[in-house]
Amino acid sequence: MTRLDARLARSAILALPIALALAGPALAAAEGGGGLPQLDTRTYPSQIFWLIVSFALLYRLLKTKAIPRIADILETRQDRIGADLDRAARLRADAEAALKKHDSILAEAQARAQQRLREAQERVAAELARHQAELDADIARRLRDAEARIAAAKKAALGEVATVAADVVRAAAARLAGLEVGPEEARAAVNRVLSAGAR
Amino acid sequence: MADPLQQFEIRPLVPIQIGGLDLSFTNSSLWMLIAVGTAYWLLIAGTRQHALVPGRLQSVVELAYEFVAGMVRDNAGKEGLRYFPLVFTLFLFILMGNMLGMLPLPFGFTFTSHIIVTFTLALGVFLGVTILGFYLHGTHFLTFFVPHGAPKVMLPLLVPIEVLSYCVRPISLSVRLFCNMMAGHTMMKVFAGFIVTLFSYWAVPAIAPLAVTVALTGFEFAVAFLQAYIFTVLTCIYLHDAIHMH
């Protein structure tokens with residue numbers, strides 16, 4: 001009902017100027033020639049006529065000339081902005097695609113690098129193992145050789161000992177008992193004792 | 001003191017009589033044509049550059065265009081834009097009439113300060129909108145006068161009120177514009193007259209009516225724009241009623 005109230009109020013407010021407008025001519029008439037120029041009805045035909053003429057003229061000028069020009073400018077700008085926005089969106093999509101591609105290339109390269117690294121590691125490990133085995137074999141061989149040599153040296157040294165012992169035996173026998181013992185005899189005696197000791 | 005109403009006098013410049021009617025070319029007619037010329041010149045000069053980035057004048061033109069287009073769109077909807085050229089013409093014509101009337105010229109004249117001019121404009125709007133309403137909706141347009149949701153018993157009372165309030169539209173529309181322009185201009189003249197009268201007796205206090213006149217001048221410019229705006233916006237609202245009914 002507020003809408004109705006507003007309308008009623010508006011009607012009431014409007015009643016005043018209407019009354020004034022209606023009372024106007026009477027007022028003008030009462031004052032004679034010096035009334036409101038606005039209420040001089042003799043000027044009405046001319047005012048209405050020229051109003052219609054000039055309004056129609058302006059309408060025609062605007063509709064056929066001015067408004068199309070302004071609309072064209074605004075439309076051109078709108079198109080331009082729209083085209084720019086489209087282009088920006090397209091460039092953005094391109095950039096995103098490039099980024100995606102870049103990422104995939106990077107990932108691929110990383111995968112490949114990992115693969116290579118793994119291969120290299122495996123190769124190095126294999127090489128290392130092989131070297132280790134070779135080295136181990138070499139060391140074992142050398143050890144064996146050294147042991148053999150030591151054994152031979154020991155044998156030789158033991159042989160030497162027997163000869164020296166035989167000489168000592170001969171010298172001792174000559175000094176102590178005045179017996180002349182032949183080298184072969186002394187040798188045989190030493191060997192007998194040695195083998196007895198070894199037994 | 002000069003008669004403050006003298007500014008409203010219609011003076012024939014070229015007497016023309018056609019079929020017993022006095023259609024003389026008057027100072028009012030002259031200012032109407034000046035308004036048409038100024039409005040048209042402004043729009044054409046403003047769009048001469050056809051610039052993508054508008055200059056000052058083009059900005060004014062585009063602003064005026066967007067302003068009225070926005071007004072039509074907001075108040076009458078998208079369908080109302082068909083009548084945009086007419087509304088734009090109406091706005092510019094009234095705005096130019098009001099603004100050019102503010103020029104301090106010895107032969108200055110405000111044609112919108114005459115009730116017959118504003119009434120003819122308002123009647124044109126009223127008749128156009130009413131015919132449009134009946135054209136678009138046929139007799140269904142008559143239901144516009146039946147308020148929604150009102151009790152049936154109240155209708156015999158409400159419908160005449162609605163019809164009256166509708167028919168009073170051209171009067172309210174025209175009287176609002178005419179009264180504002182006439183009252184404002186009269187006030188300005190009255191206070192300007194005070195300056196002269198007071199100055200001839202006693203110079204210094206004449207500054208008071210001068211200050212008032214300065215303030216009123218600024219005020220009048222605001223009113224000149226505002227009344228053009230109000231007239232146009234109401235036209236848009238009436239258009240909305242005719243196109244969409246409620």
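Colleague: What makes you say that residues of chain A are in contact with residues of chain B?

Modeller: In this predicted model, 39 residues of chain A are in contact with 45 residues of chain B, contact meaning that the C-beta atoms, placed from the backbone, lie within 7 Å. Helix 2 of chain A (44–177) and helix 1 (2–31) each supply at least two residues of the side touching chain B, and the largest share, 25 residues, comes from helix 2. Helices here are DSSP runs of H or I with at least four residues, and strands are E runs of at least two, numbered from the N terminus.

Colleague: How do you know how far helix 7 of chain B should span?

Modeller: The expected span is 1.5 Å times one less than the number of residues. Helix 7 covers residues 207–244, 38 residues in total, so 56 Å is expected; its end C-alpha atoms are 54 Å apart, which agrees. Just after helix 7, B:Met245 takes a positive phi of about 55°.

Colleague: What share of chain B counts as buried?

Modeller: Of its 246 residues, 35% do; buried means that 20 or more other C-beta atoms, placed from the backbone, lie within 10 Å of the residue's own.

Colleague: And which pLDDT does chain B average?

Modeller: Chain B averages 90, and 99% of its residues score at least 70, on the predictor's per-residue confidence scale from 0 to 100. Local features need pLDDT of at least 70, side-chain atom pairs count only at 80 or more, and totals for chains, interfaces and linings use all residues. Residues are numbered from 1 along each chain as its sequence is written, with chains lettered from A and ligands numbered from 1 in the order in which they are written.

Technical notes
Buried ≥ 20, exposed ≤ 12 C-beta atoms within 10 Å, placed from the backbone. Contact = placed C-beta atoms within 7 Å.
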